Amino acid sequence: MLEINNLHAELETDADVTILKGLTLSIKPGEVHAIMGPNGSGKSTLSYVLSGKDGYSVTAGSAMLEGVDLLEMEPEERAAAGLFLAFQYPVEIPGVGNMTFLRTAVNAQRKARGEEELSAGDFLKEVRAKAKDLQIDADMLKRPVNVGFSGGEKKRNEILQMAMLEPKMCILDETDSGLDVDAMKLVADGVNALRSENRSFLVITHYQRLLDHIKPDFVHILADGKIIKSGGPELALEVENNGYADILAGAA
Amino acid sequence: MTALDKIEVKEGVDQDTVDAVTALSGNYKYGWETEIEMDYAPKGVNPDIVRLISSKNEEPEWMTEWRLQAFTRWEKMNEPTWAMVSYPPIDFQDIYYYARPKSMAVKPKSLDDVDPKLLATYAKLGIPLKEQAILAGVEGAEDMPAEGRKVAVDAVFDSVSVGTTFQAELKKAGVIFCSISEAIRDHPELVKKYLGSVVPQSDNYYATLNSAVFSDGSFVYIPPGVRCPMELSTYFRINAENTGQFERTLIIADKGSYVSYLEGCTAPKRDVAQLHAAVVEIIIEEDAEVKYSTVQNWYPGDENGKGGIYNFVTKRADCRGDRAKVMWTQVETGSAVTWKYPSCILRGDDSQGEFYSIAIANNMQQADTGTKMVHLGKNTKSRIVSKGISAGKAQNTYRGLVSMHPKAKNSRNYTQCDSLLIGDQCGAHTVPYIEVKNNSSRVEHEATTSKVDDDQLFYCRSRGMDEEEAVALVVNGFCKEVLQALPMEFAMEAQALVAISLEGSVG
Ligand SMILES: Nc1ncnc2c1ncn2[C@@H]1O[C@H](COP(=O)(O)OP(=O)(O)OP(=O)(O)O)[C@@H](O)[C@H]1O
Ligand SMILES: [Mg+2]
């Protein structure tokens, strides 16, 4: 599904700051991978570089989604190709109704893929059903995108977008942070409902507890722009219990 | 639910409009022209031309005199230069002041007799000249108030009114809705009483010129206590080349009446700039209310600033009676130069004026627009919400006056003035004038200037929208408060227009 090979990225404005320093990762269809790593190790940068945010230059390496070069594409083309990023810090868009935003997004992707637009009626039905599962009420659907949403509401809203857009490759950047126990369960249920053999997930998190709900196939430790250790779910437990010191020392 | 939320629910509409419109090539959708035989008055303006226009309209002597008086005044005046707009000098003698389709030489008895070419023009513009409820088949239309479904139209083509719909039905309610030339002939007592009473002949250079040479426009009278049974609208189309359009609109809302009035306008793409100098006067008596909404979409000129309409407009509402209310809503997306300040004179005690404006300037467009709120009566209230969007190399100025006179005790004004910049070659300017001459009134002014936020655009794009779609969405959000003030059909048109006007502003 997603093949990242020896990815190097630096800040566009400051070539002295290299953030990703040879990152390699292979995610097969249907797999769930978790990435953990100290603050500032480059986890969000990886998600941004994959989804095409301005401000970073890729100096070496590649990232392919189902055999197609992601790095050559505009952000919206990557989205239409099936990539989705649940933002660590979802962005507020004043004045734009959440529903309008979702519908514009869904139809933009459909159009890009040469599919018919969803009719207003079908769209409404789908949104309402999916919002209900995530306990997002009608009021939140009407309010402007993320404006005045609590931290947890913003994260649930990201998952609603994901559910509506039905991407193939979902990247979740700390979707669990800021969630209370119940909301965490809702979000995890939302993700698990989407798990299928042709959809993959890359879950960035600091905490084991999310991974109790979303069972990963692999766990990777990202430090200083590289994956320094990979393993199964037990690796997350190790981090939870001992922190990163041993792992970092082991890698050095 | 607010008006805009309704749109969100019955979304099919706005998105379809946007798509239909974007599918058309070029970004100005109304740039085509109608090939039709025209009669012109000779170029230029002088007392003979003024008399000619007056006689073409079969006006009584007093009207001709009134025009000539205005012309004498105009000759002694100078073009104003204080606005933040620059354009090559206008040669006022190189313009046609009167252009009428030949087929209109004999006024058609009814719309059925109107030249099919003219009817086709309005059909192509999407203006319903058939007396039918519009928006049939739109999901959610059943939620709309009944009066929202019918819109009476006065269609003005170059210098003349082609026809006015629903006149019979309106007449039953006592409402007079006709072209101003008809009103001068058929309702001279009303015209004499009110014409020039809000915008005096000598008000400003363009208004004075308009007083001398206005050729047509709309007239509305709502009798006491009547709620106008449908929305009224005028659609202005400039078609002829080198021709100025000088229309005059007079709206009178008698005691306790209500009317919502819409105005739309377009013109063909031409290399040479064209002049449009209109005057709108509104009189609002005790307890009456008028909503006046404009979607101004004159041809803006090309991306190098060639051609386009020079739009010099004087619009003013006089809340003459106590508790009179007026609300101006304008969406200004067109014109090469816009010079326009729809104003409110709050003369009656407890009267209210509101001004909601979206002004978009892209490429080389220049907009200098705003409002005047003149508080004369006690406990008067005014509210100004202005959203200026600048892109390309455009300059966008908000110019607003709030004046609290000594007798306007306990009056309030709230002004919110937001500017949004797209790119770094455009400019936004805010020029507020505030005069408070009593100590019980309060004026609040808030202004912000921001850039379209890259994070917002990236967020939209990461969800699959292309850059222009993303900008249009963010800008529509920025304008939401004003879009909400528009009647629903207009709000949808305006949303689509925002997207179109900003084409080419990114990337
Ligand atoms: N646009 C930027 N300008 C300057 N520094 C940046 C920029 N983007 C990322 N960085 C730096 O790159 C490093 C990696 O940041 P990134 O946000 O990817 O970390 P992270 O692993 O997601 O951290 P966290 O766990 O705190 O979310 C940090 O040191 C950060 O300050
Ligand atoms: Mg991060």
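**A magnesium site and its neighbouring strands**

Let's start with Gln88(A), which is buried at a relative accessible area of 13% (buried means under 20% relative accessible area, with a 1.4 Å probe and protein chains only). This is a predicted model, in which local features need pLDDT of at least 70 and side-chain atom pairs count only at pLDDT 80 or more, while totals for chains, interfaces and linings use all residues. Residues are numbered from 1 along each chain as written, chains are lettered from A and ligands numbered from 1 in written order, and side-chain values use heavy atoms, leaving out hydrogens and water.

So what does Gln88(A) hold on to? Together with Ser44(A), Gln88(A) is a protein donor of the magnesium ion (ligand 2): the atoms are OE1 of Gln88(A) and OG of Ser44(A), 2.0 to 2.2 Å from the ion. Donors here are N, O and S atoms within 2.8 Å of the metal (3.2 Å for Na, K and Ca), and sites may look incomplete because water is not among the atoms. The two residues are 44 apart in the chain: Ser44(A) belongs to helix 1 (residues 43-51) of chain A, and Gln88(A) to the loop between strand 6 (83-86) and strand 7 (93-97). Helices (H or I, at least four residues) and strands (E, at least two) are DSSP runs, numbered from the N terminus. Ser44(A) also counts as buried, at 18% relative accessibility.

Now for some strands. Strand 1 (residues 2-11) of chain A runs antiparallel to strand 4 (residues 56-65) of chain A, paired over eight bridges; pairing takes at least two DSSP bridges. Within this pair, Ile4(A) has Ala63(A) as its bridge partner. Strand 4 of chain A also pairs with strand 5 (residues 68-69) of chain A, again in the antiparallel sense, over two bridges, and Leu65(A) is partnered by Val68(A) there. These two strands form a hairpin with two residues between them, and Glu66(A) in the turn has a positive phi of about 45 degrees.

How values were computed
Buried < 20%, exposed > 50% of the residue type's maximum accessible area, 1.4 Å probe, protein only.
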